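Me: I am a first-year student, and I would like a careful look at a single part of this structure. Please take me through it slowly, in one connected answer.

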Amino acid sequence: MSAAQPGPVGVPRKPVSRGTLALATVAVGFTAADTYVVVLALLDMMQGVGLSPDQLQRAAPIISGFLLGYVAILPLIGRLADMRGRLPVLSACLIGFALGSLVTGLAPDMPTLVTGRFLQGVGAGGLVPATLALVADRYPPERRGLPLGLVSGAQETGALLGPLLGAAVLAVADWRVIFALNLVVGLGLAVLLRWSAGPVRDRRRPDRLSAVLLVLLTAGVVVLWYPPGPLYSDLTVGLLWVPLVPGGGDWVTPLGLVVLALAVGLVVRLRTAADPLLDVRGWAASLRQADVSGALLLAAALGAVVLAFSTTDPKLEAMSARGWWFLALGAAALAGLVFHLRRSPAPLVPRGALRHRAAWGSLVVSLLIGGALIAALVDVPIFARTTIYPDSQLGAALVLVRFLVTVPVGAVVGGWLVHRLAPGPVAATGMVLAALSFVAMARWDAGALESWTSTAALLVGGLGFGLAVAPVTAAVLDATPAAVHGLAASLTVVARSVGMLLGASGLTTLGLRRYYALQADLPDPATVCADGTARCDAWTDLLREAALSQERTVFAGAAVLALLAAVAALVLLRGTRARVGSVLVGTTPGGDSHPSASPTDGR
């Protein structure tokens with residue numbers, strides 16, 4: 001039996017069923033796949049908006065736009081999940097993800113494509129903390145380890161299947177079909193999640209008018225951006241695509257105005273219907289209570305980190321050309337955030353919410369885990385391209401699959417172990433395994449990937465990272481009041497994402513220094529190659545060995561980060577099991593204290 005969810009003032013609410021939690025978990029896994037779906041579709045997406053394959057640097061916003069939405073807005077979404085309820089936020093995130101998929105799939109140009117990816121990032125990122133908080137609401141601390149592991153396992157499985165799904169779709173259809181599938185599945189999950197949480201009588205009378213308006217709106221956008229040839233060229237019907245204002249865009253055409261009217265009608269219907277498909281009422285008040293000013297300052301700081309480190313090629317440089325400017329702006333936003341949090345009567349991060357060592361310690365451990373993890377995600381495929389798959393991006397990606405396949409297994413096992421052991425030792429064990437894996441990778445030679453030992457190292461590394469995921473999440477949820485579980489979970493996800501960005505920068509810097517040091521000792525290629533093909537080939541082998549030495553340096557640095565994460569887990573995550581069953585005190589938006597307060601998940 002599930003425990004009833006208390007409302008903001010301790011009023012019992014309807015328990016969340018296993019079916020609802022399962023749907024939320026599936027949604028997390030499905031949207032996680034979209035995080036990596038562009039690995040194989042990126043070149044096709046570039047060509048779809050007018051970029052050529054040699055303009056790869058201009059495509060960086062396709063990646064950074066998603067990351068910006070995933071990271072920068074996450075704390076605000078986590079806080080809204082605490083204040084407004086988990087299920088309304090989950091539904092809103094799925095609708096936002098579906099809308100972003102629609103915009104991405106129909107994007108006629110680069111700005112529209114980046115906007116769609118940003119919306120997808122917001123929706124996909126917001127699902128994670130809301131679902132983790134839903135697990136914490138339903139299960140007591142001593143029983144939530146395995147469910148947390150299952151949610152994390154679903155997320156990691158999605159990351160594994162994303163590139164494979166993209167490859168399967170691209171084999172038979174255009175890249176836009178990927179996002180059409182996202183749209184259909186996202187909307188379907190939102191509807192199922194909404195109906196699974198309501199009384200039986202509500203499931204028999206869905207908001208048909210909202211559904212009709214949504215279908216018409218989607219069809220209108222499709223026809224607006226991709227008009228049927230015969231209609232578009234017709235002298236009469238074609239006037240629907242002619243701007244009413246000279247030089248105006250699609251939105252000032254008669255058809256564009258109809259689409260806008262449908263959008264307004266849908267919003268009005270959602271605000272006025274007795275049982276809307278998505279309850280949008282009261283969001284403005286919730287945003288005000290959630291401290292939008294603090295959220296914007298934090299988003300600016302996090303966004304600066306994303307833009308500084310995600311708009312560059314990690315094989316070539318550690319930071320973008322404007323990276324230091326972004327970091328300066330981020331530092332200013334962070335200083336403003338600290339000042340704001342000290343003075344605000346209702347700050348984004350309630351005072352004392354992270355006062356326990358295990359609460360803020362979980363963020364430190366997550367940061368270190370992310371810094372080590374990025375080395376596997378980025379440099380294992382690079383190593384494969386440098387050695388056995390120089391001309392096959394797919395082959396290099398399949399090498400990474402050897403690592404990713406055991407991450408969800410480790411996540412479930414780690415969650416199961418937390419039922420019996422303290423989170424700190426479990427997470428530390430996982431990171432020690434990851435460190436040993438990286439030590440083995442740091443000894444790889446040019447033929448290493450053809451040996452079973454490389455596969456063993458990758459499998460052990462993935463298992464280790466998976467083992468650490470659920471314990472860290474369990475620790476932060478154990479050590480924080482239920483009234484801020486959504487915020488705490490979101491900060492943990494943000495810490496790991498920021499760790500990945502910083503780790504990519506720091507480890508790349510170390511690797512490049514090693515590469516340039518070795519390259520400087522090589523003779524002039526023009527002189528060497530002038531003496532014959534054999535000597536030129538030997539010089540090429542030396543240059544490749546320098547590149548491999550760069551990757552080995554990265555793996556060695558990642559091993560150090562993994563060991564630091566293990567030590568931090570042992571030291572900082574102590575004491576969470578001792579708090580199981582104790583009463584944690586949270587605060588309502590109005591400032592009233594209440595034991596173990598959890599938001600209502602009513603509609």
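Where is the place of L398?

Reply: Please keep in mind from the start that this is a predicted model, and that each value below is computed from it. L398 has its place in helix 17, a helix that runs over residues 393–404. As for its surroundings, L398 counts as partly exposed because its relative accessibility is 43%, a value that falls between the 20% under which a residue is buried and the 50% over which a residue is exposed. Along the sequence L398 is 235 residues away from P163, yet in space the distance between the two, C-alpha to C-alpha, is 9.5 Å.

From here we can follow helix 17 to a helix that it meets. Two packed helices are described by the angle between their axes and the distance between the axes. For helix 17 and helix 20, the axes come within 6 Å and cross at roughly 50°. An angle that is neither under 35 degrees, nor over 145, nor from 65 to 115 counts as oblique, and therefore helix 17 is oblique to helix 20. On the side of helix 17, the contact is made by V399, R402 and F403, while helix 20 takes part through S454, T455, L458, L459, G461, G462 and F465. Sorted by class, the residues of this contact are 5 nonpolar, 4 polar and 1 charged.

One of the helix 20 residues in that contact, L458, also leads us into the interior of the chain. In soluble globular proteins, nonpolar side chains tend to be buried together. Here, the largest nonpolar core has 59 residues, and V89 and L90 are those with the most contacts inside it. Helix 6, residues 110–138, gives the most to this core, with 9 residues. A second, separate core has 50 residues, and L458 is found in it together with, among others, I374, A428 and L548.

Now let us walk along helix 20 itself, which covers residues 452–478. Before it comes a loop that follows helix 19 (423–441), and G447 lies in this loop. G447 counts as partly exposed because its relative accessibility is 35%. The C-alpha atom of G447 is separated by 7.2 Å from that of T387, although the two residues are 60 apart along the chain. At residue 478, where the range of helix 20 ends, we find D478, which belongs to this helix. D478 is buried, because its relative accessible area is 4%, which is under the 20% cut-off. The side chain of D478 is joined to the side chain of R144 by a polar contact of 3.1 Å.

A further link runs to helix 7 (residues 145–172), where S152 lies. S152 counts as buried because its relative accessibility is 4%. If we leave aside its neighbours within four places in sequence, S152 is in contact with A411 and V469. Between S152 and G466 there are 8.3 Å from C-alpha to C-alpha, with their positions 314 residues apart in sequence.

To set this part within the whole, the chain has 23 helices and 4 strands, and 53% of its 603 residues count as buried. Among contacts between residues at least 6 apart in sequence, 79% join residues at least 24 apart.

Definitions and conventions
Residues numbered from 1 in each chain as written. Predicted model: local features only at pLDDT ≥ 70, side-chain atom pairs only at ≥ 80, totals over all residues. Heavy atoms only, no water. Helix = DSSP H or I, 4+ residues; strand = E, 2+ residues; numbered from the N terminus. Buried < 20%, exposed > 50% of the residue type's maximum accessible area, 1.4 Å probe, protein only. Axes fitted to C-alpha atoms, helices over the stretch in contact; angles between N-to-C directions. Contact = heavy atoms within 4.5 Å. Nonpolar A, V, L, I, M, F, W, Y, C, P; charged D, E, K, R; others polar. Polar contact = N/O pair within 3.5 Å; in protein donor to acceptor, adjacent residues only side chain to side chain. Core = buried A, V, L, I, M, F, W, Y, C linked by side-chain atoms within 4.5 Å.
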